[in-house]
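Q: I am in my first year and still learning to read structures. Please pick out a single part for me, look at it closely, and then show me what is around it in the rest of the model.

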Amino acid sequence: MNLNVVKKSPWILHYDGTSCNGCDIEVLACLTPLYDVERFGIINTGNPKHADILLITGSVNEQNIPVVKQLYEQMPEPKAVVAVGICATSGGIFAECYNVAGGVDKVIPVDVYVPGCAARPESIIDGVVKALDILAEKKKAMPKKRIGEK
Amino acid sequence: MGNRTIVPFGPQHPVLPEPIHLDLVLEDETVVEAIPRIGYIHRGLEKLVEKRDYQQYCYVAERICGICSFMHGMGYCMSIERIMDVEVPERGEFLRTIWAELSRLHSHLLWLGLLADAFGFESLFMQSWKLREQVLDIFEETTGGRVIFSVCDIGGVRKDISSETLMKIRTVLTEMEKELKETTSVFINDTTVKLRTKGVGVLTKQMAFDLGAVGPMARASGIEMDMRTQGYSAYGKLDFKPITNDGGDCYARTRVRIKEMFQSIDLIRQCIDKIPGGDINVKVKGTPNGEQFIRLEQPRGEVVYYTKANGTKFLDRVRVRTPTFANLPALLETLKNCSLADVPILILTIDPCISCTER
Amino acid sequence: MKEQILKEISPNDLLTEIMKIKNDGYRLVAISCTNKNGMELTYSFDKDYELLNIRLITDTETELPSISILYPYSFLYENEIKELFGVKITGIIPDFNDNLYKIPVKTPFGVNE
């Protein structure tokens, strides 16, 4: 299969780490008529096996580290991770809290960091578009064998 | 007796943007019991008071939740003001009320959209969120932020709204009211929507009281409880009545929230008519000493702020009891004997805010 | 806003006191715990917008009965206080056994740490 399809229509999986909801509702706002990311072929999916890009809002903690890891592992290659908001980047205002382990990059590799508290829809869309190029590069680097073969 | 199975629900579930985990014990298709597992978003920010002084903590309080952010900041500021005997200028109080009611409007619209999404009415979800953007535009114009404003401060507010902008808000809201009527009439009158919400998750008045439900959840079961009637901020000078409904089901909760949106628009209009001139904040000097309980009405219900200060810059304790925390027992009770297919709608009708709940 | 009442009681009177309050038709609003110079538990109740606070001073050694037999929805508060502050609350229904939040740091938070 030609993976150019991915570049034209990346599917997003959204997971809320320990976010305050501020970034989450902005991620959802991206899908709605004013920002309308669907015009780029982007669809929000609930199934990690359908997803190309993982959007994570909020930092990680003891209890959600396994969840984040599992979601990441379930996604098929090539995949990209976008950390949305300052909490997902470094822990932000909550970095000193006892139950915050820090940014998402402590657990899984992050490709794009989107700044902001809360991140604005424009910057989230920009982050996703940046992730598309990374996806394309990752695809090039992949060995020329069919997906699903070990 | 049918076969018993346990179905895990969440933490990552398409219906909810936030993680909560429920173990649903099923007998065939019927839920017998729901066991919650929370803690996915627990940050421990109540303990952050030890590292932030009482003025810095305002920023932390605003980030307890991104949806009712303004009212969290307001509740925290009010508790400190009460301890320090600070009198907020009247214009400041009116501005707070305007932003608080706008927050309620945006929160209820957000919830309507998510509800529509939960029963698979995609275009209604889009419509509700499209309307919500107009409220966010007002926020952006008046505060500079779309979600978190950082405009509430101990002693008043940081930004004023000019009278031209107030007039503009009025026009926008009048226009919006028409569209809102059209969109919400689908939730009230559409047969397919009614089939999903009517008679689902009934919470009787007695049950609601026995389970300590608050906010729209309690009001939709016929309990007249609205902290705004206590007249904090500028609410004492406004004319309104708590909205109740005797249905107790998902449909009643939807109706209560829809009516509350129109009530919010009306309250903002009253504020714009009655807002006095003058200062918007007072300078706060010294450090707080004492303790205080403050209760506010958030979009999701009653929130309790407890602050204890010891005369230094650092507070002894800030404790927040958020509405979803109080509504969880009622949710677990309504989940019993419902069918598995209704679980997402039931969880949504309490308007859960997990990041508030776990702090 | 109506006045707030604060009443101090001894831990031994907890259940009898709360029983009286329940019979008067109060709703449980919150249970809060403050751990500074001694463990301080505050039970807040509401009736017609009047806030009634019951306060007791305790420590991590004393066993305290759960009020979940009177107010079943107190279990979330009590589990939280038991896990984060280490107050020995007995007979919570259901008891999460200090696994409500599952946090990595050691709890309970000690006095004057």
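The answer below takes one helix of chain C, then turns to chains A and B.

A: Keep in mind that this is a predicted model. The part to look at is helix α1 of chain C, which covers residues 14–23. Start with its buried residues. They are C:L14, C:E17, C:I18 and C:I21. Viewed down the axis of α1(C), these buried residues fall within an arc of 95°, so they line one face of the helix. A general point about helices helps here. An α-helix has 3.6 residues a turn, so residues three or four places apart point the same way.

Now turn to the other side. The face of α1(C) directed away from its buried side carries C:T16, C:K20 and C:N23, which are exposed. What do the buried residues of α1(C) pack against? They pack against four strands of chain C. These are β1 (4–8), β3 (39–47), β4 (50–58) and β5 (63–65). So one face of the helix is lined by buried residues, and the face turned away from it holds exposed ones.

What comes after the helix? α1(C) is followed by C:G25. The phi of C:G25 is positive, near 85°. For comparison, most residues other than glycine have a negative phi. Two residues in the other chains are worth a look on this point.

The first is in chain A. A:N21 is not a glycine, yet its phi is positive, near 90°. A:N21 sits in the loop between β1 (11–16) and α2 (22–31) of chain A. Is A:N21 buried or exposed? It is buried, with a relative accessible area of 2%. The cut-off for buried is under 20%.

The second is in chain B. B:S233 is not a glycine either, and its phi is positive too, about 50°. Its place is the loop between α8 (215–219) and α9 of chain B. B:S233 is also buried, with a relative accessible area of 13%.

Follow that loop to helix α9 of chain B, which covers residues 250–274. B:T254 lies in this helix. At a relative accessibility of 3%, B:T254 counts as buried. Leaving out residues up to four places away in sequence, it touches B:W111, B:L112, B:L115 and B:F187.

Next come peptide bonds. Most peptide bonds are trans. Chain A has bonds to check against that. The bond from A:E77 to A:P78 is cis, with omega near -10°. A:P78 is in the loop between α3 (65–74) and β4 (80–84) of chain A. Another cis bond joins A:C117 and A:A118, with omega about -10°. A:A118 belongs to the loop between β5 (112–114) and α5 (121–141) of chain A.

Now step back to the whole of chain A. It has 5 helices and 5 strands. From the N terminus, the order is α-β-α-β-β-α-β-α-β-α. The radius of gyration of chain A is 15 Å, close to the 15 Å from the globule rule for 150 residues, so chain A is as compact as a globular protein of that length. Its C-alpha trace spans about 45 × 40 × 25 Å along the principal axes. Buried residues make up 55% of the 150 residues. Take the contacts in chain A between residues at least 6 apart in sequence: 81% of them join residues at least 24 apart. About 6,500 Å² of chain A is exposed, and carbon and sulfur atoms supply 55% of that. Chain A has 16 positive and 17 negative charges, and their mean positions are 10 Å apart.

Finish with chain B, which has 12 helices and 8 strands. The radius of gyration of chain B is 21 Å, close to the 21 Å that the globule rule gives for 359 residues, so chain B is as compact as a globular protein of that length. Its C-alpha trace spans about 70 × 45 × 35 Å along the principal axes. Of the 359 residues, 67% are buried. Among contacts in chain B with a separation of 6 or more, 70% are between residues 24 or more positions apart. Chain B exposes about 11,800 Å², with carbon and sulfur atoms supplying 48% of it. It has 45 positive and 48 negative charges, whose mean positions are 3 Å apart.

Conventions
Residues are numbered from 1 along each chain as its sequence is written. Chains are lettered from A and ligands numbered from 1 in the order in which they are written. This is a predicted model: local features need pLDDT of at least 70, side-chain atom pairs count only at pLDDT 80 or more; totals for chains, interfaces and linings use all residues. Side-chain values use heavy atoms; hydrogens and water are left out. Helices (H or I, at least four residues) and strands (E, at least two) are DSSP runs, numbered from the N terminus. The radius of gyration is taken over C-alpha atoms; the globule rule is 2.2 Å times the number of residues to the power 0.38. Buried means under 20% relative accessible area, exposed over 50%, partly exposed in between (1.4 Å probe, protein chains only). Contact means heavy atoms within 4.5 Å. Accessible areas come from the Shrake-Rupley method with a 1.4 Å probe; for residues, only the protein chains shown count as cover. Lys and Arg count as positive and Asp and Glu as negative; His and the chain ends are not counted. The place of a charge is taken as NZ of Lys, CZ of Arg, CG of Asp or CD of Glu. The arc is that of the directions from the helix axis to the C-beta atoms.
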